[in-house]
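Me: I have a model here and would like the labels on it justified. Please set each value against its cut-off.

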Amino acid sequence: MQDAVYHMSIYLPVCLAVPQNTHNAEQSWEALLSCVIGELSKDRSVYEAETDNMTALNSTVCTPQSMEVSLQQFCLPFLRLSSLLQHHLYGDDLPGCSREEEFCVLAQGLGLLPPPAPATPPATPSQWSSARCLEWVVCPYTLTSQWCAEVTGLTEIQTDQTLVTQLHNTAMTVLLSVPPQTLLVQDPQWAAPHLLQLPENYNTIFQYYHRKSCSACNKVPKDPALCLVCGTFVCLKGLCCKQHSYCECVLHSQHCGAATGIFLLINASVIIIIRGHRFCLWGSVYLDAHGEEDRDLRRGKPLFLCEERYRVLEQQWVSHTFDHINKRWGPHYNGL
Ligand SMILES: [Zn+2]
Ligand SMILES: [Zn+2]
Ligand SMILES: [Zn+2]
């Protein structure tokens, strides 16, 4: 919700201001936006950006109805996820509905809006007020001011380069490497998780990785492996990177995927899956011209990415079905 409110603030004229002490102001997006605009205006640089995105958005006309529809669009991904979670945890039915009714039906299903009165026709998006879903446990103006201060504070931090170099937290460093304005325009559409994009020709991977050194031990691993989720390069089975009897692949699978890891073994062209204490050989997504794998690269034939196999692997990962689909699991004794 704050993303939505935040995003909208840039395009609304300040004249929308609604006194904060009017009745129901806490549930009025006009009042809340007015607060956001006031807070963000304290830092001029937030409004100075002129990205392509912003130019396009600036040219759209904002009406209360279009604002309401946009707010709902921004909130929908969160409502969908919450509904799925509720369905998964409590077994509540997932309501079916038309696209127009989705916001309202999901919000009702989640208990954010009262259930519909019997025999009332479904409301169109612009007839609903998404702000009615808001139920503040603290003063909304204090909270939104705090959110805004975090973003405007980012501009100040950015100017202090020494601080940036001192930061070890990767996420924070990434955040600081983008101008704060880019935080204002966010795509509310969430892409599904996906594995690394692989090159067409296996030789590209092999040439790049087989002499590459591990960033943890600075040595060229005897059995190099690549995490297909995040791209981390690790020493499979290497004593060099072993920590408390855990080899690097197993350690990485714990940090990267809560004990699920997908690794491409560079010198073998095959993929292994780690699931907790077990592992299995998944096979290869690179095939030769006859559609055959070349495990351990024994034949040395050129290998090409089989998109279909890679999609299957990705699908098994996304749907958490590795356990059911692969039968040949064995213990790895933390030695991978
Ligand atoms: Zn990873
Ligand atoms: Zn290593
Ligand atoms: Zn190592």
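Reply: The model is predicted, and the answers below take the labels in turn.

Me: What makes the arrangement around the zinc ion (ligand 1) tetrahedral?

Reply: Four donors count as tetrahedral if all angles lie between 85 and 135 degrees. The four donor atoms here subtend angles of 102 to 115°, so the arrangement is tetrahedral.

Me: Which protein atoms are the donors of the zinc ion (ligand 1), and how far from it do they lie?

Reply: They are Cys-227 (SG), Cys-230 (SG), His-252 (NE2) and Cys-256 (SG), at 2.0 to 2.4 Å. Donors are N, O and S atoms within 2.8 Å of the metal, so these atoms count. Their spacing along the chain is C-x2-C-x21-H-x3-C. His-252 and Cys-256 both belong to helix H11 (residues 248–257), four residues apart.

Me: Why is His-252 called buried?

Reply: Buried means under 20% relative accessible area. His-252 has 12%, so the label buried applies.

Me: Why does Cys-256 count as partly exposed?

Reply: Its relative accessibility is 28%. Partly exposed lies between the limits of 20% and 50%, so Cys-256 falls in that class.

Me: How do you know that Asp-323 and Arg-278 meet in a salt bridge?

Reply: Their side chains are 3.6 Å apart, N to O. The cut-off is 4 Å, so the pair qualifies. Asp-323 is in helix H13 (residues 322–325) and Arg-278 in strand S5 (residues 278–283), 45 residues apart. Arg-275, Arg-278 and Asp-323 are linked in a network of salt bridges.

Me: Why does Arg-298 count as exposed?

Reply: Exposed means over 50%. Arg-298 has 69% relative accessibility, so the term holds.

Note on methods
Residues are numbered from 1 along each chain as its sequence is written. Chains are lettered from A and ligands numbered from 1 in the order in which they are written. This is a predicted model: local features need pLDDT of at least 70, side-chain atom pairs count only at pLDDT 80 or more; totals for chains, interfaces and linings use all residues. Side-chain values use heavy atoms; hydrogens and water are left out. Donors are N, O and S atoms within 2.8 Å of the metal (3.2 Å for Na, K and Ca); water is not among the atoms, so sites may look incomplete. Four donors count as tetrahedral if all angles lie between 85 and 135 degrees; four count as square planar and six as octahedral if opposite donors are over 155 degrees apart and all others between 65 and 115; anything else is irregular. Helices (H or I, at least four residues) and strands (E, at least two) are DSSP runs, numbered from the N terminus. Buried means under 20% relative accessible area, exposed over 50%, partly exposed in between (1.4 Å probe, protein chains only).
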